[in-house]
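Thanks for making time for this today. I would like to walk you through one chain, starting from a single residue and working outwards, so please have the sequence and the model open as we go.

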Amino acid sequence: MRAMDAPAIEFTACMPGLEICRESRSSHVFPRHSHDDLYSVGFMHGGACHCLGPGRDDGTVRQGQACLINPGQVHAGGPVREAVFSYTMLYLSLDLVRSLAEDLGRRPCGAPEFTALVSDRPDVCRSLQRLALCLDQGDELAAESAVVRALGDVLLAHGGMAGDAPGPDRGFV
């Protein structure tokens with residue numbers, strides 16, 4: 001029997017308004033908590049995590065899916081069936097998300113609100129996966145472009161933004 005790899009966690013302050021947490025082979029159970037002024041956008045690389053969302057929005061985030069958590073939203077999570085999971089989580093400031101939402105809508109707007117806890121939309125998940133790869137490569141310009149693309153896709157798909165119909169090209173970088 002092969003010994004299980006040890007869990008690993010890494011936090012990185014990537015750019016103003018964005019912190020990234022990468023966790024691999026985790027079996028950690030996150031108790032109920034919230035992030036007052038941060039959006040949390042995660043991409044599941046492996047395994048699955050049960051997420052307790054607001055009200056009846058509980059769900060399971062599986063490999064290849066994304067989770068979307070609004071500022072102040074109480075949430076919790078843990079591995080499915082006592083297994084392990086690996087993910088990348090973006091913690092985005094309220095100001096960064098609002099600014100991008102205003103750019104997308106070409107008008108001032110309030111803070112957007114995610115309309116789903118779990119996303120399996122291919123455009124959203126591909127953008128988040130590409131972003132995770134760009135962040136690993138250390139190219140700041142590519143990473144910044146990938147942040148704009150991924151967050152734009154998330155907002156258009158699940159942020160209540162006008163024009164949220166799926167499509168391959170919406171004018172992003």
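Let me begin with L128, which, once its neighbours within four places in sequence are left aside, is in contact with V41, G42, F43, A66, L90, A150 and V154. Before going further I should say that what you are looking at is a predicted model, and please keep that in mind for everything that follows.

Where does L128 belong in the wider picture? Together with V41, L90, L92 and L155, L128 is one of the residues that touch the most other members of the largest nonpolar core, which has 29 residues. At least two residues of this core come from each of the strands β2 (18-26), β4 (38-46), β7 (66-69) and β9 (85-93), and likewise from each of the helices α1 (94-105), α2 (122-137) and α3 (140-158). The element that gives the most is α3, with 9 residues. Apart from this core there lies another one, made of 12 residues, and C21, V61, C67 and Y91 are among them. As a general remark, nonpolar side chains in soluble globular proteins tend to be buried together.

Now a step back, to the chain as a whole. There are 3 helices and 10 strands, and if you read along the sequence you find the pattern β-β-β-β-β-β-β-β-β-α-β-α-α. Of the 173 residues, 45% count as buried. If you take the contacts in the chain with a separation of 6 or more, 70% of them are accounted for by residues 24 or more positions apart.

Let me turn to the helix packing, beginning with α2 and α3. Their axes come within 9 Å and cross at roughly 160°, and angles over 145 degrees count as roughly antiparallel, so α2 and α3 are roughly antiparallel to each other. The crossing in which α2 passes α3 is left-handed. On the α2 side the residues that meet α3 are D123, V124, S127, L128, L131, C134 and L135, so you will recognise our starting residue, L128, in that list; on the α3 side they are A142, A143, A146, V147, R149, A150, D153, V154, A157 and H158. Sorted by character, the residues of this contact of α2 with α3 are 12 nonpolar, 2 polar and 3 charged.

How do α1 and α3 lie with respect to each other, roughly parallel or roughly perpendicular? Their axes come within 10 Å and cross at roughly 75°, and α1 and α3 are therefore roughly perpendicular to each other. V97, L100, A101 and L104 of α1 make this contact with V148, L151, G152 and L155 of α3, and the residues divide into 7 nonpolar, 1 polar and no charged.

V148 deserves another moment, since this residue of helix α3 is partly exposed, with a relative accessible area of 27%. V148 and L131 are 17 residues apart in sequence, while their C-alpha atoms are 9.4 Å apart in space.

Next, consider strand β7, where I69 has its place. I69 is buried, with a relative accessible area of 4%, and, leaving aside its neighbours within four places in sequence, I69 is in contact with L38, Y39, S40, H75, F114 and L117. From C-alpha to C-alpha, I69 and V118 are 9.0 Å apart, although 49 residues separate them in sequence.

E113, in the loop between α1 and β10 (118-119), is by contrast exposed, with a relative accessible area of 56%. Its contacts, again without the neighbours within four places in sequence, are N70, H158, G159 and G160. The C-alpha atoms of E113 and P71, which are 42 residues apart along the chain, are separated by 8.6 Å.

V74, in the loop between β7 and β8 (75-79), is partly exposed, with a relative accessible area of 39%. Its C-alpha atom is separated by 9.7 Å from that of P31, 43 residues apart along the chain.

I will finish with a backbone detail that you may want to look at yourselves. Most residues other than glycine have a negative phi. R25, which is not a glycine, has a positive phi of about 55°. R25 sits in strand β2 and is partly exposed, with a relative accessible area of 29%.

Definitions and conventions: Residues are numbered from 1 along each chain as its sequence is written. This is a predicted model: local features need pLDDT of at least 70, side-chain atom pairs count only at pLDDT 80 or more; totals for chains, interfaces and linings use all residues. Side-chain values use heavy atoms; hydrogens and water are left out. A nonpolar core is a set of buried Ala, Val, Leu, Ile, Met, Phe, Trp, Tyr and Cys residues joined through side-chain atoms within 4.5 Å. Buried means under 20% relative accessible area, exposed over 50%, partly exposed in between (1.4 Å probe, protein chains only). Helices (H or I, at least four residues) and strands (E, at least two) are DSSP runs, numbered from the N terminus. Contact means heavy atoms within 4.5 Å. Axes are lines fitted to C-alpha atoms, for helices over the stretch in contact, and angles run from 0 to 180 degrees between N-to-C directions. Angles under 35 degrees count as roughly parallel, over 145 as roughly antiparallel, 65 to 115 as roughly perpendicular and the rest as oblique. A crossing is left-handed if the near helix is turned anticlockwise from the far one by less than a right angle, and right-handed if clockwise. Ala, Val, Leu, Ile, Met, Phe, Trp, Tyr, Cys and Pro count as nonpolar, Asp, Glu, Lys and Arg as charged, and the others, Gly among them, as polar.
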